[in-house]
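Reader: I'm new to this. Can we go through a structure together?
Author: Sure, here it is.

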Amino acid sequence: MPMPLLPTPDESALKHSSAVKNMICSEITTAGGWIPFERYMELAIYSPGMGYYCSGTTKFGCAGDFVTAPEVSSLFGRAIAQQAVQIIESVGEDSSDILEFGAGTGKLALDILLELENINRLPRHYFILEVSGELQEKQNKLFAKFAPHLLSRVQWLEQLPTKFKGLILANEVLDAMPIHLVARRDNDLFERGVVWNGNRFEWSDHLLFEGELFRIAEEIIPLASPDNKNIEIYISEINLSARGFIRSIANILEKGAVVLIDYGFGRDEYYHEQRNRGTMMCHYRHHAHDDPFYFPGLQDITSHVDFTAITDVAAGEGLELLGYTSQAQFLINCGITEILSRIPVENTSDYLPMANQMQKLVSPAEMGELFKVIALGKDNQQPLIGFESGDKSFLLEKDM
């Protein structure tokens, strides 16, 4: 895609990006002149104290680089809370917890807990596993300001618990995991990596012929078809980190459900031969582009989620697919319209802003269809309310 005209970072931001660039260059040199893109992405966004998510820059909201659903409206968290109630009751209120990964500003956790408190269904604990110390501090401050009485329920973790019962929740987490880039050219497979030419980062492809990445790529990266001989190269992403994430949570979940919310597709749509440049995107000051080398450390790097891969790994680890649908359908099934109706329509100063927020969450032109919700679980006794209608699990099938 054409590079948009992006805002110019200030002097402090430029200095920080230069330090991140030098750090990555040093890594490339140490590695012999080439690193896989997965490592570049990991350094650019997660390197302690320097990466995008681990530095002090504003990331969420109007002053940041992108807006997430919890920042759009409290209706999002309050609707998810209705699904949480069902899972908490199914597991048992005396032994059920919530564990959220990558809680951002903490807004989703706050909205869920306030709603659960309102209906007298609080979990024993609300655990947050957050890799960013800066974001963890923001989350703590948010609760201290708006719900200090709930802070005793919130616990921050540095690693996964050994066992867990209840709801595991991740909103826009999988898309930010470091990805491997794979290219198929002349029916050979290559892993895309990064080199430093003395002036800038550049792409460099290494032949891929063995290992887990090769085996997965050989199966899912499409060969050129007779109708697409003009496509000289096919580039896409494979997220090994997401697969490892699913294995880890399957290992600790004894009873309950995992709810993952993100943008993505089933495999046949994800790796369609016409999507020959993949889905990787970068976000800087609400501008989207596809250059991950633009001011490293100052921008987010993401890719869509292969939800078929998620379900395949989950099934192999003993997790049952409980449902897959659009964010719009999930929120409607969880009663978002009923939650909105608690505000009297005649109270226009409160009702109209919330109605507009709900529209952004469920509209097909906004977040409603782009984002998907998938649920996986163990020992669930009844269908989840979030998937009572509009289930799209058939889209996860391969070779439809």
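Reader: Which residues touch the most other members of the largest nonpolar core?
Author: Ile-112, Leu-169 and Leu-361, in a core of 54 residues. A nonpolar core is a set of buried Ala, Val, Leu, Ile, Met, Phe, Trp, Tyr and Cys residues joined through side-chain atoms within 4.5 Å. Buried means under 20% relative accessible area, exposed over 50%, partly exposed in between (1.4 Å probe, protein chains only).

Reader: Which helix gives the most to this core?
Author: Helix 4, residues 74-91, with 10 residues. Helices (H or I, at least four residues) are DSSP runs, numbered from the N terminus.

Reader: Anything I should know about the model itself?
Author: It is a predicted model: local features need pLDDT of at least 70, side-chain atom pairs count only at pLDDT 80 or more, and totals for chains, interfaces and linings use all residues. Residues are numbered from 1 along each chain as its sequence is written, and side-chain values use heavy atoms, with hydrogens and water left out.

Reader: Back to Leu-169. What is it in contact with, beyond neighbours within four places in sequence?
Author: Its partners include Ile-80, Phe-101, Ile-112, Tyr-126 and Val-259. Contact means heavy atoms within 4.5 Å.

Reader: How many residues are in the other core?
Author: That separate core has 30, among them Leu-129, Leu-174, Val-258 and Phe-307.

Reader: Now Gln-83 in helix 4. Buried or exposed?
Author: Gln-83 counts as buried, because its relative accessibility is 1%. Beyond neighbours within four places in sequence, Gln-83 is in contact with Phe-330, Cys-334, Leu-384, Ile-385 and Gly-386.

Reader: How do helix 4 and helix 13 pack?
Author: At an angle of about 70 degrees, with axes 9 Å apart; helix 13 is residues 348-362. Axes are lines fitted to C-alpha atoms, for helices over the stretch in contact, and angles run from 0 to 180 degrees between N-to-C directions. So the two helices are roughly perpendicular (65 to 115 degrees).

Reader: Which residues meet there?
Author: Ser-74, Leu-75, Phe-76 and Arg-78 in helix 4 meet Met-354, Gln-357, Met-358 and Leu-361 in helix 13.

Reader: New topic. How many disulfides?
Author: A search of the whole structure finds 0. A disulfide is a pair of cysteine sulfur atoms within 2.5 Å.

Reader: Why is Cys-25 not in a bond?
Author: Because the closest cysteine sulfur, in Cys-282, is 17 Å from the sulfur of Cys-25, too far for a bond. Cys-25 is buried, at 13% relative accessible area.

Reader: And what about Cys-54?
Author: The sulfur of Cys-54 is also 17 Å from its closest cysteine sulfur, in Cys-282, so too far for a bond. Cys-54 is buried, at 16%.

Key
Angles under 35 degrees count as roughly parallel, over 145 as roughly antiparallel, 65 to 115 as roughly perpendicular and the rest as oblique.
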